[in-house]
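The following paragraphs lead the reader through one sheet and its strands. Please keep the sequence and the model in view while reading.

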Amino acid sequence: MATDASSSSLASSSVTEEEMTLTVKWSGKEYTVRVCGDDTVGELKRRICEVTNVLPKRQKLLYPKIGSKLADDSLLLFQLPLKSSLKMTMIGTIEDDILVDQVDSPEVVDDFELGQDEVVDIKDNAANKQKLRRRINQYKIELRNPCREGKKLLVLDIDYTLFDHRSTAENPLELMRPYLHEFLTAVYAEYDIIIWSATSMKWVEIKMGQLGVLNNPNYKITALLDHLAMITVHSDARGTFDCKPLGLIWGQFPQYYSSENTIMFDDLRRNFVMNPQNGLTIKPFRKAHANRDSDQELMKLTQYLLAIADLDDLSILDHKSWESYNEDNFKRRRHA
Ligand SMILES: [Mg+2]
């Protein structure tokens, strides 16, 4: 017979994992979304975005007797008295001018270092694994080009990784990180390329189109992923934040991609928290007008990616020391 303590923890875990269907009214129509008790308000807004196309940050949610609690994106849904019988109202508009939206969007919070133990806790946490499984089922990755047999996988962030989205210029090409096309052309020989941004798909397509990445004759992009593919995780020290779980890609294309053949570049280390061994924190490309002539990161990273492309398992590398790997590799070749 279960003790009081264990039966109460069982009860609370069934409450948090229970799925519920909510009805959301918006612009004269009703939509239904499926969520779980351990989803945050932020995740609820993502589900609503999937059916309405109103970006989460543009949504204001109203619900009887809840007051302003739905304004807190980190709040867990089981902490709110939501009932399937009551309807939620959403107020918000679809972005018409996505470029104006980028300029007035809030600055990304600074990156933070998570301790090793903290990363392990988040990655191994059962609720986070469950969220990942749900995302694998909910988010369908659409292939723009077929996965290629025997290639490794490179996953790239956009903002501050490939593009300085905070500076302004008449021509977006002025804000592109130097050597972007040379980099993509060279690594395409060994890697399939997926671009994953924490913004909306509309913006990803516009931006990559403007930079000439989507129809380049020298390389092909396998897929584009957006913020809806991310999951929200919690750390006691850092609170609630979003990350990019590579397991979503591995779960949908297990015959091609795995933790052994995938590497991801992002300027925010916390985006790798579900797969720390696969992430390389790239130096952010900011102030494009001042740094355009000196930034050589993509050139140097080309060398690294091509040097490690023959390894059977990329996840045994410590990508933090990619620069010294390049130097050692250079010395090895000189002495050979
Ligand atoms: Mg970024």
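Leu 154 has Ile 263, in strand S10, as its bridge partner. Strand S5 (residues 152–156) and S10 run parallel and are joined by 4 bridges. Strands here are DSSP runs (E, at least two residues), numbered from the N terminus, and two strands pair if DSSP finds at least two bridges between them. The model is a predicted one, in which local features need pLDDT of at least 70, side-chain atom pairs count only at pLDDT 80 or more, and totals for chains, interfaces and linings use all residues. Residue numbers start from 1 along each chain as its sequence is written.

Strand S10 (residues 262–266) is largely enclosed by the rest of the structure, because 5 of its 5 residues are buried; a buried residue has 20 or more other C-beta atoms within 10 Å of its own, with C-beta atoms placed from the backbone. Thr 262, Met 264 and Asp 266 point one way from S10, whereas Ile 263 and Phe 265 point the other way. Strand S10 is also joined to S11 by 3 bridges, and these two run parallel. There, Asp 266 has Thr 281 of S11 as its bridge partner.

How are the strands ordered in the open sheet? The order of its 5 strands is S7-S6-S5-S10-S11, with parallel pairing. Strand S7 (223–225) and strand S11 (279–281) stand at the edges; each has a single partner strand, so one side of each lacks a neighbour in the sheet. From one strand to the next, the twist averages 25°, where axes are lines fitted to C-alpha atoms and angles run from 0 to 180 degrees between N-to-C directions.

At the S7 edge, strand S6 (residues 191–196) is joined to S7 by 3 bridges, and the two run parallel. Ile 195 has Leu 224 in S7 as its bridge partner.

Methods:
A residue is buried if 20 or more other C-beta atoms lie within 10 Å of its own, exposed if 12 or fewer, and partly exposed in between; C-beta atoms are placed from the backbone.
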